[in-house]
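Dear colleague,

I am passing on the structure below, together with some notes on how it is put together. Could you keep it open while you read them?

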Amino acid sequence: MDVLRFTTAGSVDDGKSTLIGRLFYDTQQIFENKLEEIRRNTQRDDDEIELGLLTDGLRAEREQGITIDVAYRYFSTPDRKFIIADTPGHEQYTRNMVTGASTAEVAVELIDARNGVLEQTRRHAFIASLLQIPYMIVAVNKMDLVGYSEDRFREIVDQFHEFSDDLDIKDITFVPISALKGDNVVHESDNMPWYKGSTLLHRLENVRPEATRNQVDFRFPVQTVIRPHQDFRGFAGQVASGKIRPGEEIVELPSKRTSHVESITTLDGEMEEAGPGDSVVLSLTDEIDVSRGSMIVRSRNRPEMVRQIDADLCWMNEEKMRKDRPYVIQHTTRRTQAYVSKVVYRTNVNTFHREEADTFALNDIGRVELETADPLFIDPYKINRSTGNFILIDPDTNETVAAGMIRGVAEDVAPFGAEETVTDEERESSPNVVWEGLNVPRENREEKNDHKAAVVWLTGLSGAGKSTIAKEVEQRLFDRDHQTMMLDGDNVRHGLCGDLGFTPRDRKENIRRVGEVARLFFEQGNITLCTFISPYQEDRDRIRELLPDGRFFEVHVDCPLEVCKERDTKGLYEKAETGEIANFTGVSAPYEEPEDPEVVVRTDEHDVETNVAEIIDALEEAGIV
Amino acid sequence: MTIASDTSKHLDWLESEAIHVIREAEAQFDNPVLMFSGGKDSLTMIHLARKAFYPGTVPFPILHVDTGHNFPETIDFRDNLMEEHDLDLIVGHVEDTIESGRAKEEQGPDASRNKLQIVTLLDTIEEHGFDVALGGARRDEEKARAKERFFSHRDRFGNWDPKNQRPELWNLYNGRSKKGEHFRAFPLSNWTELDVWQYIYQEDLEIPSLYLAHERTMFERDGVLLPKSPYNELREEEEYVEKMVRFRTIGDMTCTGAVESQATTVERVIEEVATTQQAERSARADDQRAEAAMEDRKREGYF
């Protein structure tokens, strides 16, 4: 048995409570005494019992006849335990919907078949998209009141698609139901023979929530330090994402000190691997200063460590957001102060239009930039729901005033809408990176090409021989009928990166763009050769992370600086030494040698032929060609 | 596969979540305490607290409010458990509260000390300066609890205002508090009664014998099967009968009803729970007083 969390949102009349009641009733989760109570309170003219009464909560709400908070409900079928976050649907309860959506793996969207898509349908879908709920089930309810009409159902499906294409929802299923009569909720309906799909419950039982958890990027926010005696110092926490095993190299943030995992300890014994959601205690091989709010990650797969954050924000408090006062930001187990430095826009949750705004009021959603006192260790929410979220707390009242979804570093902003970042669902569902909207998947291209795609990244000092070797490798591959592409430092700097200079920041951006371009060629099935000095390990690692495991070949084209200077094929070292060129790698800017490259070729000791063979051998060994 | 052995992933998930919440409570507050009732939920809580800090020890004391009307089995079980795991126990006595005149004993045949223990609880919390009390309450127990938070904010008077709770998103819990305020933390929020039983079975936890079917002298009142005890007097037309019963919750002897059962092992209890048609708390006479009974007591600080 596993666990699935889903959220429902709806207004008084769309039958949400009836639907939940129906799920409980038909799966026999209603206890006899509750059923009696419901029968007692039912005020209907027909024989149906008021299933909605089952889910009604607090007395105040009963009096108002509406649900005003998130209510959590539980039921299970033989293979799955379900946790429902039941939320109200009115616009004034947007914050409740956001709360319910934050932990949901499926969003159940209810549409009254008589009314079709309403403003609130769009609002719910927008929130589901914003909160990155991986699956959506659109239940077209009250089919009994439209004569179980297939045409009406199709019409609503089309209406829905009209706007949902603008959103970022991966997986949408439509089910025509009648919660009141029980059609297609738990049991298949005899009234809609034209519908061949699964029932609502069947769909809920068969989505794969684990496929949406980020298994790739190991992030371990430390909750507390456990020190029972002098010989043991462990760090307790819940793995936010990714996996770790004893012996693996880690780095502690913010100190950036590296160590190795000594053991993964639990009361039930030591574990060989810890994965997403596991509450464990890690101990390390070295004494490093780790405390609550630290994050343990892999040394070669790190989150951004930043103080400027670009984020979507939902304001949840009656008091408006203020830019002239600090809030407390809580991100994983870390807390620090944060200012809202900029309101980028407010999104109209009904039309999805962006509006100008300089503050947010209760239930407003929009995009802001934040500045924090201490650095946070962030991932984009789309890639990692666990380390991409945060809340803001009012330090005076201690209330939770806002919920945030991180887009990235504030100066490094991704465009709005369906974005080109890899979501963790996509990463996970297949280790091969696939973008949304790619018509022909890379796998198909690879099959046609009869070889796999890869990015071969040649890094090294200017004059080390990167281009010479890459050209030769490409020619050989081309002669073998392979799809190839070459990206060269000088070429991209003419066009794509013509606006960039050679400061560390510009170099970083240059490499980032090249990485994205390389990834595009990669997706097209090419063996993409890139020759860039790319002096920083961090930048190269970032490109590695863009690609599936085993498809990035970091090639260190190694040649002593003296030899490169001597060669000085382009006369650049001379200019650098005289100061004519600033920030020249090896002279006035550093070069970080690759920590763990796939291939090292030495151009001072071996000839081009040998170097080329070494690279091709590596590709063959990895099964690329 | 039996229901008892069908454990695996969902229990791991619930356990991991509960441990996360327990650690958050410990880390965010200065002076936590774990509430112990002697029931299955609270012994599950103790087990989880041990797991949360292993190989260290449980870094906070255990608080039991003794109504003076407890089953003797409960007290024995409690003392053994504390000794076995070297836990630090604090007991608050309702008796003391009554003697000090801070509360008056209910009168009449349905008298219960349930309401009184709220005063004792709050007194003990204040006396020791606890700022968070961890409890084993679950959202599935009762309608009023469906909207309860993991970190539930209480005001100076221990009152719960359903309208003034902080939103809880993802797994971020906001435990910032002002001096004098305190919180309740409910790590088992997402568990159901069946989950708890399956977990007890999986972890092979020792449970009070009251939970297993045993022969006992009982009497029936308002459809509830109550145990013979020094604190209950028979009314007209009531009579003692010998029955095989087990208790589904463990509270005061005055108001904790039993169900007839032949389940003498945890496995068989699980089978019964899985197929039962009576919600858990319905065997407690105090919940039947009013439909919104639980909500009223919650507002006053009852767990």
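The notes below go through two sheets and the helices that pack on them.

Please bear in mind throughout that this is a predicted model.

In chain B there is an open sheet of 6 strands with mixed pairing, and its strands follow the order β3-β2-β1-β4-β6-β5. Because β3 (89–93) and β5 (151–154) of chain B stand at the edges with a single partner strand each, one side of each is left without a neighbour in the sheet. On average, and with direction ignored, neighbouring strands of this sheet are turned by 30° against each other. Within it, β4 (residues 132–134) and β6 (residues 182–185) of chain B are paired in the parallel sense over 3 bridges, and B:A133 stands opposite B:R184 in β6(B).

Two helices of chain B can be placed against this sheet. Helix α2 (residues 40–53) lies across β1 (32–36), β2 (62–66) and β4, running at about 145° to β1(B), whereas helix α3 (residues 72–84) touches β1, β2 and β3, with a direction that makes about 165° with that of β2(B).

Chain A holds an open sheet of 5 strands with parallel pairing, in the order β22-β23-β21-β24-β25. Its edge strands, β22 (484–488) and β25 (599–602), each pair on one side only, and the twist averages 20° from one strand to the next. Strands β21 (residues 454–459) and β24 (residues 552–558) of chain A pair in the parallel sense over 5 bridges, with A:H556 in β24(A) as the bridge partner of A:T459. Helix α16 (residues 608–621) of chain A packs on this sheet, touching β21, β24 and β25, and its direction makes about 170° with that of β25(A).

Best regards

How values were computed
Residues are numbered from 1 along each chain as its sequence is written. Chains are lettered from A and ligands numbered from 1 in the order in which they are written. This is a predicted model: local features need pLDDT of at least 70, side-chain atom pairs count only at pLDDT 80 or more; totals for chains, interfaces and linings use all residues. Side-chain values use heavy atoms; hydrogens and water are left out. Two strands pair if DSSP finds at least two bridges between them. Helices (H or I, at least four residues) and strands (E, at least two) are DSSP runs, numbered from the N terminus. Axes are lines fitted to C-alpha atoms, for helices over the stretch in contact, and angles run from 0 to 180 degrees between N-to-C directions. Contact means heavy atoms within 4.5 Å.
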